[in-house]
Amino acid sequence: MEEFNLVGFALYVFASAFTPGPNNILSMSAAGRYGIARAWRVLVGVFAGFIIVMLLCALFSVALASFVPKIMPFMEWAGAAYILWLAWRTWRSSGASEGGDVDCGFWAGFVLEFVNVKIMLYGVTALTSFVMPAFDSTAVVAAFAVLLAVIGSVANWTWALFGVLFQRALSSHGRLFNGVMALLLVYCAVGILF
């Protein structure tokens, strides 16, 4: 067993969780357009999906190491397609808080996690590179998976609060904001594929 590299783990997790990605962009966009009172459902959905995906990463890390190359192309294309669909929906929306443009519900956030290759790679990389070499207990690996989901959720809520803080600017410049968010989502999708 290796010694646990806490500094390396913390730097990797922080950089991965707080950089722009589908979860963070969706969180900021939803909270900026609708406020936390309405966006909390999507944030809870993201968190619930995040926990399940992280636990799956923990339980199947060893198996995934050999299986990932076989399913990765499908997951990359499916994830990129879903993220591009989110970009299209974001671009198409009016920018005003008029209700039906963007799905701010639990299931929108939850489903995103199962096609979000970024968090899958985040989980598998953190667990296989930092946690599993230092700990051989399945319970410890599962606890780290939950910790990864909690840190990811903190990042999502941080981005959501950023969206709320700039809500006034977002409401006056909604089309511009939606265009920038759509471009960031396209960037995420392209980053997955290339």
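How many helices and how many strands does the secondary structure of the protein chain come to? The count is nine helices and zero strands, where helices (H or I, at least four residues) and strands (E, at least two) are DSSP runs numbered from the N terminus. Read from the N terminus on, the elements run α-α-α-α-α-α-α-α-α. The model is a predicted one, in which local features need pLDDT of at least 70 and side-chain atom pairs count only at pLDDT 80 or more, while totals for chains, interfaces and linings use all residues. Residues are numbered from 1 along each chain as its sequence is written, and side-chain values use heavy atoms, with hydrogens and water left out.

Some totals for the chain help to set the scene. Of its 194 residues, 46% are buried; here buried means under 20% relative accessible area, exposed means over 50%, and partly exposed is in between (1.4 Å probe, protein chains only). The chain exposes about 9700 Å², and 74% of this comes from carbon and sulfur atoms; accessible areas come from the Shrake-Rupley method with a 1.4 Å probe, and for residues only the protein chains shown count as cover. Among contacts (heavy atoms within 4.5 Å) between residues at least 6 apart in sequence, 87% join residues at least 24 apart.

The nonpolar interior comes next. A nonpolar core is a set of buried Ala, Val, Leu, Ile, Met, Phe, Trp, Tyr and Cys residues joined through side-chain atoms within 4.5 Å. The largest such core has 23 residues, of which Phe9, Phe50, Met54, Tyr122, Leu127 and Leu148 touch the most other members. At least two residues of this core are supplied by each of H1, helix H3 (36-59), H6 and H7, and the largest share, eight residues, comes from H6. Apart from it lies another core, of 20 residues, including Leu43, Leu86, Ala160 and Ala182. Setting aside residues up to four places away in sequence, Tyr122 touches Tyr12, Val13, Ser16, Ala17, Phe50, Met54, Leu148, Ile151 and Gly152. Met54 also pairs with Val146 across the chain: their C-alpha atoms are separated by 6.7 Å, although the two are 92 residues apart along the chain. Val146 sits in helix H7 and is classed as partly exposed because its relative accessible area is 33%.

Helix H7 is also home to Asn156. Why does Asn156 count as buried? Its relative accessible area is 1%, and therefore Asn156 falls under the 20% limit. Beyond its neighbours within four places in sequence, Asn156 is in contact with Asn23, Asn24, Ser27, Leu43, Val46 and Phe50.

Met28, placed in helix H2, is likewise buried, at 4% relative accessibility. The C-alpha atoms of Met28 and Trp159 are separated by 4.9 Å, with their positions 131 residues apart along the chain. Trp159 is also one of the contacts of Met28 outside four places in sequence, together with Ala160, Phe162, Gly163, Phe177 and Met181.

Further links reach towards the end of the chain. Trp91, in helix H4 (residues 61-92), touches Arg175, Gly179 and Ala182 when residues up to four places away in sequence are not counted. The C-alpha atoms of Trp91 and Gly179 are separated by 5.4 Å, and the two residues are 88 apart along the chain. Leu184 belongs to helix H9 (residues 174-193) and, with a relative accessible area of 26%, is partly exposed. Its C-alpha atom is separated by 8.1 Å from that of Gly21, 163 residues apart along the chain.

Finally, there is the matter of enclosed space. On a 1 Å grid over the protein atoms alone, a cavity is a set of points where a 1.4 Å probe fits but cannot get out, and lining residues have an atom within 4 Å of a point. Grid points are joined across faces, edges and corners, and a volume is the space filled by probe spheres set on the points. A search of the whole structure finds one cavity of 30 Å³ or more, and the largest cavity has a volume of about 100 Å³. Helix H1 (6-18), helix H2 (22-34), helix H6 (117-131) and helix H7 (138-165) are the elements that give two or more residues to its lining. That lining comprises 14 residues, with Ser16, Ala17, Asn23, Lys118 and Ile119 nearest the centre of the cavity. By type, the lining divides into six nonpolar, seven polar and one charged, where Ala, Val, Leu, Ile, Met, Phe, Trp, Tyr, Cys and Pro count as nonpolar, Asp, Glu, Lys and Arg as charged, and the others, Gly among them, as polar.

Terms used
On a 1 Å grid over the protein atoms alone, a cavity is a set of points where a 1.4 Å probe fits but cannot get out, and a pocket is an open set with protein on both sides within 12 Å along at least five of seven lines; lining residues have an atom within 4 Å of a point.
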